[in-house]
Amino acid sequence: MKTKLCYIFLFCASSLWAQTKKWTLQECIAYALENNISIQQSELDRQAAEISKKDALGDFLPNLSVNMRHSWNTGLNTNPVTNTNVTATTQNTNFGIGANVLLYNGMQNIYRLHKSNLEILANQYQLANIKDNISLMVCNSFLQILFNKESLKNLETQYKLTKQSLQRTEKLVASGVSPEGDLLDVEATLANQEQQIVQMKNNLLVSKLTLANVLVLDDALSFDIADNFSQVPMDSKTPNSPQQIFSEALKFRNEIKISEVAIEMREKDVKIAKGNYLPTLSGSFGFNTNYFNSELLNLPGFSTQIDDNKGHSFGLNLSIPIFNQFKTSNGVKRSKIMLKKARLELKDSKADLKDKIYQAYADKEGAFKTYMAALKTAKARKEAYTYAKEKHEVGLLNSFDLSQMQTNLENAETEVIRAKYDCIFKIKILEFYFGIPIDNI
């Protein structure tokens, strides 16, 4: 009975923990990197590259084969002693072992092994690049949830203030200080805010589901994140010059490393293709024996014949290419073309990275200025609303004008929240290109 109660307690505790757990950005990124399908597929590509390397290593080893054959011959046979045809049964058994090893083929096997190592390296860079993209996606979704949460919190605060304004207006109307139309204006504002709250709650739910899907969570509806509302850092950790960021990014960005490794792989392809111009030398070894039995002859036993009939063979085979319908020369030319393309792709990757960094730098500067301007606007709107509310309370301002001032304040505060999280994300992108982890907000 105690055991059952213990299980029930643990189940309830785990269920409660699952419902109340608040995911941090670090936890979201770590979970996504472990469970994302794209990452799992890239990991399988890496494993396939490891197998390809084993293929390249296997080319250095000899081929070894064993063959056995046993046959019966029943019917008309020639007696080797009397040289007459008689009906009899004969048996013949053959055993053999053969081995072939490639001794030289223009070092193509060595170059293939080098290329397989580069393929593994390229897969590692590709996997790291996918992880970076997933991390950015998670960070963006995480900030979107924070934006919706903070916006909802702001709307609910404004809703409470409007309800207080409604109570004041009811008193003013009852005392004859304000007309009844002022009360209708406040009620309309309150209804509009209720609609905005419902819409923002829906936006919040959608943003949570979006991030839960990125994380591949089974129970997306109970997913939630920690309410650590962020502030814009007044001083970014990145250098002032985008050229400095670009110079640093060239040292570690995965898309650049992938392009650089691709050049090395194409260089190995050229060497492999040129290897077809050179002679191929291979060695071989063979061992064989046999056993023969016939009713017409009194032959030695099985083990004696196997031992007496042993044979060994050794051989070298040299193949010198002379002409093969231009296949070798065309293969070399194709490999050189692919090498040129790889070099151009590296230049293109560098140019694309530079464009992204300069754009990210400009976006960060613009987002920061927009955020600072939004703060000033919100401050002015708040002061104007406070002054208008004081006038309304003494009957010097009607509720419609006060409602307009409140709407302006709400829009300004919403713009501050939007500009803030947009600025945070733009800063994180720029820091990301400089090598600063993005898992901290």
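A salt bridge here is a side-chain nitrogen of Lys or Arg within 4 Å of a carboxyl oxygen of Asp or Glu. With that cut-off, a search of the whole structure turns up 20 salt bridges. Keep in mind as you click along that this is a predicted model.

**Stop 1: salt bridges**

Start by selecting Arg-253 and Asp-132, whose closest N and O atoms are 3.2 Å apart in a salt bridge. This pair ties together distant parts of the chain, 121 residues apart: Arg-253 belongs to the loop between H6 and H7, and Asp-132 to helix H4. Are the two partners buried or exposed? Both Arg-253 and Asp-132 are buried.

Next, pick Arg-266 and Asp-269, a salt bridge with 3.0 Å between the closest N and O atoms. Both residues sit in helix H7, three residues apart, or about one turn of the helix. Arg-266 and Asp-269 are buried as well.

Then move to helix H10 and show Glu-431 with Lys-428, where the closest N and O atoms of the salt bridge are 3.3 Å apart. Because they are three residues apart in H10, about one helical turn separates Glu-431 from Lys-428. Glu-431 is buried, and Lys-428 is too.

To finish this stop, select Lys-22, Lys-149, Lys-208, Asp-224 and Asp-227 together: salt bridges link them in a network.

**Stop 2: helix H4 and the core**

Now colour helix H4 (108-174). H4 has 67 residues and spans 98 Å from its first C-alpha to its last, close to the 99 Å expected at 1.5 Å a residue. Just past the end of H4, look for Gly-176, which has a positive phi of about 85 degrees.

Within helix H4, zoom in on Ser-141. Ser-141 has a relative accessible area of 11%, under the 20% limit, so it counts as buried. Leaving out neighbours within four places in sequence, Ser-141 is in contact with Thr-210 and Leu-211.

Leu-211 leads on to the largest nonpolar core, which has 67 residues; Leu-211 is among those with the most contacts inside it, along with Cys-28, Val-138, Leu-215, Phe-223, Ile-225 and Tyr-433. Which helix gives the most to this core? H4 does, with 15 residues.

Centre the view on Phe-223 next. Beyond its neighbours within four places in sequence, Phe-223 is in contact with Trp-23, Cys-28, Ile-145, Lys-208, Leu-211, Ala-212, Leu-215 and Leu-217. Apart from the largest core lies another one, of five residues, including Tyr-385, Ala-388, Leu-397 and Leu-402.

**Stop 3: Lys-391 and Asp-401**

Select Lys-391 in helix H9. Lys-391 is partly exposed, at 27% relative accessible area, and touches Leu-396 and Leu-397, not counting residues up to four places away in sequence. For a distance label, try Lys-391 to Leu-318: 73 residues apart along the chain, their C-alpha atoms are separated by 105 Å.

Asp-401 is in helix H10 and is partly exposed, with 33% relative accessibility. From C-alpha to C-alpha, Asp-401 and Asn-203 are 30 Å apart, with their positions 198 residues apart in sequence.

**Stop 4: a patch on the surface**

Last, switch on the surface and select Phe-60, Leu-61, Leu-103, Tyr-104, Met-107, Ile-110, Tyr-277, Leu-278 and Leu-316, which make a nonpolar patch of about 860 Å². Within the patch, Tyr-277 comes from the loop between helix H7 (254-274) and strand E3 (280-294). With a relative accessible area of 45%, Tyr-277 is partly exposed.

Definitions and conventions:
Residues are numbered from 1 along each chain as its sequence is written. This is a predicted model: local features need pLDDT of at least 70, side-chain atom pairs count only at pLDDT 80 or more; totals for chains, interfaces and linings use all residues. Side-chain values use heavy atoms; hydrogens and water are left out. Patches are made of residues with over 30% relative accessible area and no salt bridge: like charges are joined within 9 Å, nonpolar side chains (Val, Leu, Ile, Met, Phe, Trp, Tyr) within 5 Å. Accessible areas come from the Shrake-Rupley method with a 1.4 Å probe; for residues, only the protein chains shown count as cover. Helices (H or I, at least four residues) and strands (E, at least two) are DSSP runs, numbered from the N terminus. Buried means under 20% relative accessible area, exposed over 50%, partly exposed in between (1.4 Å probe, protein chains only). A nonpolar core is a set of buried Ala, Val, Leu, Ile, Met, Phe, Trp, Tyr and Cys residues joined through side-chain atoms within 4.5 Å. Contact means heavy atoms within 4.5 Å. The expected span of a helix is 1.5 Å times one less than its number of residues.
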